[in-house]
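Reader: I would like a close look at a single part of this chain: one helix, and what lies around it. Please keep to what the coordinates give.

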Amino acid sequence: MKAIEDANNPRLKAGGRINGYRIERIEALKEISSVLYELEHSETGAKHIHISNGDAENTFSVAFKTVPKDSTGVAHILEHTVLCGSKLYPVRDPFFSMLKRSLSTFMNAFTASDWTMYPFSTQNKKDFYNLMGIYLDAAFFPRLEELSFKQEGHRLEIEEDPEGNETEAFQLAYKGVVYNEMKGAMSSPDQVMVRSILKALYPSTTYHFNSGGDPTEIPSLSYEQLKEFHRRHYHPSNAFFYTYGNLPLKDHLAFIEANVLNAFKRINPDTDVASQPRWKQPQSLSYPYPFDKNEDAGKKCQVCMAWLTADIKDTFEVLVLILLEQILLGNSASPLRKALIESGLGSALCDGTGFDADNRDTLFVSGLKDVAQSAAAPIEEIIVGVLTDLAENGIDKELIDAAIHQIEFHRKEITNSPYPYGIKLLLTFSGSWFHGGDPVKNLNLDADLARLQSELARGNFFENRIKKYFLDNPHRILMSLLPDQEMAQSENLRLRAELDRIKKDLSRTDGDKLKQDAEALLRLQETEEDIGCLPTLNRQDIPPSVPIIRETAREVALKATLYNQATSGIFYFAAAAGSGTLSGELLPLAPFFCYAASRMGTTIRDYAEMAQRIDAYTGGIGLSTHARTRFDGPGDCIPFISFNGKCLFRNRDQMFDIIQELLHHSDFSDLTRLKNLLLEYRAGLESMVVHNGHRLAISLASRNLSSTRKLSETWNGVHQLQTIKRLVDELDDDRLKSLSLDLATIGETLFTQENFQMALIGENSVLSDARDCAQTLFSGFKDGDNAGFKAPAVTMEDGRIREGWSTSSAVSFVALAFETVRMEHEDAAALSIISKILRSMYLHREIREKGGAYGGFALYSPEDGLFCLASYRDPHIVATLKAFDNAAAFIRSGSFDDEDVNEAILQVCSEIDKPDPPGPAARKAFYRKIISLSDDMRMQFKTRLLSLTRKQVIQAAEKYFDGDQEKKAVAVISGEEKLKAANEALSANPLKLNRI
């Protein structure tokens with residue numbers, strides 16, 4: 001990226017002025033070819049950082065320090081409520097409306113422990129200023145209406161007698177989007193663990209409280225408290241603005257000043273967070289978390305040690321702690337990680353493990369999950385023992401060098417995952433910046449790295465820091481998280497008693513007011529709004545082409561494709577091995593094979609030596625399974641395993657050595673290591689259920705609709721979790737040996753010359769020599785069958801899926817799936833538009849606004865033609881299934897106009913045109929080749945999209961949304977009691993109940 005504003009421009013210099021801003025300083029960020037401008041607005045004290053370069057994906061953010069003094073979730077609920085209409089845009093939901101009137105590559109809002117941020121990115125200049133106007137007006141001039149507070153935060157509603165009798169028999173219920181979101185979040189052990197650590201380590205500061213909101217406390221937040229929190233916190237004197245990209249700084253500043261800052265004067269927001277007073281003695285404590293009463297709770301505790309460490313503003317000490325995390329815990333060779341896993345006390349590192357630099361005082365956590373309650377003392381002994389040994393006997397220099405290499409690599413790599421690069425940069429320095437730290441030091445690490453080398457030369461540097469931060473630091477806890485199989489029921493009883501007390505004291509007037517509020521909110525939600533006041537793009541603003549990455553050369557004999565890309569000094573290796581020839585017994589083990597293959601060691605080196613080499617010479621090496629559908633022909637399933645690696649140019653040969661060793665000399669015979677990896681893998685699968693409930697429900701519902709979906713469920717869904725749980729439950733020495741042989745057989749089947757395709761991605765200077773490395777790699781494979789890129793041997797189930805799956809969750813995830821047509825069909829473009837119209841115009845209203853779920857989704861897959869509806873963190877099951885059934889009538893009714901179709905086209909095209917950095921873009925192009933998705937196909941699909949009419953959309957709706965329930969598959973993930981209650985209401989067509 002080339003910086004477009006010159007730091008030496010005499011008109012732009014430190015101490016100078018732009019409009020009402022003073023330029024505090026200008027710094028070159030040579031590593032990323034950018035220039036940073038730090039400014040402050042004189043009248044209000046608003047702070048602004050601009051990073052100027054040639055990137056066309058421009059980013060904006062405004063953030064506020066938000067410092068709650070309780071766990072009512074006021075900051076989180078405010079984040080939702082400010083997006084429900086503002087002074088210039090007085091419509092019910094301008095944020096969600098703009099999602100469909102924009103070509104944004106990212107739009108969202110975040111609530112952290114002590115700040116709230118509103119970021120977006122887009123490649124279109126007109127769109128950038130449209131969105132900035134919406135964001136600024138929402139943040140600084142929101143309507144904050146009471147009904148919006150009730151919808152997004154919490155409200156009491158009367159639930160009438162389910163039989164509809166005219167009696168006094170009614171119940172009260174709490175509802176609200178954030179309320180239900182946090183009920184779901186606090187059902188997740190990892191959320192409870194992290195929340196408990198913060199509560200324990202920070203007894204005297206804002207971090208003691210749950211900024212997202214504790215469901216037991218959220219109902220105590222008043223509307224007046226919400227408004228007061230906004231008045232004090234959402235002020236320019238407490239605001240941090242950020243812009244990034246190739247658009248001119250002066251235009252941004254003028255826009256912000258004219259639309260916001262001129263209306264304010266400086267105040268003291270009093271939002272500074274004091275440092276936590278330090279203890280003189282460590283503490284031990286425990287917290288409960290809800291656990292399924294049908295599961296064995298014997299070894300389902302988590303135990304950790306956690307320390308309060310450095311001030312977030314001290315960039316050097318933060319860097320040191322980041323490196324210590326990598327040294328102690330970063331890979332399988334890391335001494336603390338190795339000792340904990342090899343102890344056999346638990347399955348995996350505990351949730352929250354590692355260094356956390358998000359708070360005013362940073363923290364460090366280490367521990368294990370899936371342990372017995374009695375394991376706390378042994379785990380503490382292991383941790384203290386390892387740290388003492390390292391402090392007294394020294395740290396292996398190779399561990400230190402590998403950790404420093406990881407810092408170097410990730411500074412250099414430009415990625416847009418999980419956020420656009422401009423937002424990722426902001427998140428690297430925002431925490432320090434908000435607390436008065438120096439953002440430039442977070443981005444320009446050269447001075448701190450030079451100081452580090454000087455300190456290392458003196459000797460015992462990291463050893464002394466281990467003493468300072470861990471061994472001699474009394475501000476630490478030994479914490480246990482304990483499974484409580486009565487907790488969910490106890491909470492339900494507590495909640496019922498609380499609501500019954502409220503009901504008992506409810507006057508007729510109070511009851512009438514609740515009914516009136518509910519009716520008013522329903523009217524608001526069902527009102528057809530004129531959103532013409534919102535800015536929009538149109539079809540003419542959409543680029544007519546699709547992003548295309550052309551291959552530079554093809555080495556047919558090697559089955560290698562070369563891509564010459566400007567990758568900023570990083571070389572990428574990508575490969576695929578077809579897995580269609582794996583037997584039915586081996587197929588379910590393929591994901592664990594991928595997990596274990598790079599973590600097991602080889603016949604040449606053990607797993608610790610390999611882990612250290614990988615960290616010393618690469619930015620990561622990994623394998624993963626893919627169940628895809630071919631875009632050509634009849635759409636057969638094409639299963640394959642990908643192999644990806646990346647490294648700095650100078651380490652290309654070493655990376656190829658590592659790849660060759662992993663592929664040609666794999667070894668699964670270390671049964672102790674294999675068992676540890678299996679337990680670790682199971683723990684990861686178990687933790688995904690509540691976070692990815694909607695995706696898992698979709699996978700369950702759709703598994704009988706195609707062999708691809710069946711295999712995807714086998715590899716990535718609940719059935720993969722069940723496969724691994726059964727394997728662990730039946731594990732003995734013989735089964736472990738058998739597993740070792742099975743994994744070796746998978747490798748021998750996959751990695752043959754005829755079944756291995758690869759891509760070499762980088763700049764021309766490195767590609768020529770990479771050919772020779774690829775030749776050596778290829779020559780090491782045996783000859784073999786080329787039939788791996790073909791449909792696998794999967795057995796389809798009989799009948800339509802209509803199921804409920806129980807787990808420990810206070811909320812539900814509901815999914816419905818049915819078949820339509822694939823990308824090459826003339827109706828495919830219309831179906832993609834229908835998915836967007838359904839989500840924005842129907843599901844958002846019915847599932848989120850009325851139902852109180854965190855989200856409602858409509859998803860169309862052009863690859864296999866599957867259409868899915870889903871809900872996330874949903875308080876309902878039956879009402880949601882009814883809403884899904886009524887979706888067909890809504891879309892067939894044609895209750896949308898030409899503008900709605902245009903907005904849906906914008907949404908689909910913003911996904912198609914989302915930019916990728918050069919390396920990942922080429923890697924995606926390579927995998928498109930594997931599934932026969934040509935650039936011509938992509939272009940034809942977009943052309944059909946851009947010419948689509950409302951009439952064509954209605955015709956497609958009538959064809960595929962016929963209301964035939966026999967064609968539709970349903971799966972629900974929820975708590976057992978919720979599923980049983982749902983089945984009482986669904987007695988004519990109940991769900992078949994299963995347990996996860």
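Author: The model is predicted. Take helix α21 to begin with: for its 13 residues, at 1.5 Å a residue, a span of 18 Å is expected, and its end C-alpha atoms are 18 Å apart, so the two values agree. The helix covers residues 652-664. Its buried residues are R652, M655, F656, I658, I659, Q660, E661, L662 and L663. In an α-helix there are 3.6 residues a turn, so residues three or four places apart point the same way.

R652 belongs to α21, and its relative accessibility is 9%; because buried means under 20%, R652 counts as buried. Its side chain reaches the backbone oxygen of V766 at 3.2 Å. Apart from neighbours within four places in sequence, the contacts of R652 are F571, C647, V766, D769, A770 and C773.

Several of these contacts can be placed in a sheet and a helix that packs on it. The sheet is open and has 6 strands, in the order β18-β19-β23-β20-β22-β21, with mixed pairing. At its edges are β18 (553-555) and β21 (620-629), each of which pairs on one side only. From one strand to the next, the twist averages 20°. Within the sheet, β19 (residues 560-564) pairs with β23 (residues 756-762) in the parallel sense, over 5 bridges. One of the bridge pairs joins N564 to G762 in β23.

Helix α27 (residues 764-779) packs on this sheet and touches β18, β19, β20 (570-578) and β23. The direction of α27 makes about 160° with that of β23. V766, whose backbone oxygen the side chain of R652 reaches, falls within the residue range of α27. Of the other contacts of R652, F571 falls within the range of β20, while C647 falls within that of β22 (637-648). Another helix, α19 (residues 590-597), lies across β21 and β22, and runs at about 165° to β21.

For another buried position, consider G693 in helix α23 (residues 693-702). Its relative accessible area is 0%, so G693 is buried. Not counting residues up to four places away in sequence, G693 touches M688, F813 and I973. G693 and F209 are 484 residues apart along the chain, and their C-alpha atoms are separated by 26 Å.

How values were computed:
Residues are numbered from 1 along each chain as its sequence is written. This is a predicted model: local features need pLDDT of at least 70, side-chain atom pairs count only at pLDDT 80 or more; totals for chains, interfaces and linings use all residues. Side-chain values use heavy atoms; hydrogens and water are left out. Helices (H or I, at least four residues) and strands (E, at least two) are DSSP runs, numbered from the N terminus. Buried means under 20% relative accessible area, exposed over 50%, partly exposed in between (1.4 Å probe, protein chains only). A polar contact is a pair of N or O atoms within 3.5 Å; within protein, one must be able to donate a hydrogen and the other to accept it, and residues adjacent in sequence count only if both atoms are side-chain atoms. Contact means heavy atoms within 4.5 Å. The expected span of a helix is 1.5 Å times one less than its number of residues. Two strands pair if DSSP finds at least two bridges between them. Axes are lines fitted to C-alpha atoms, for helices over the stretch in contact, and angles run from 0 to 180 degrees between N-to-C directions.
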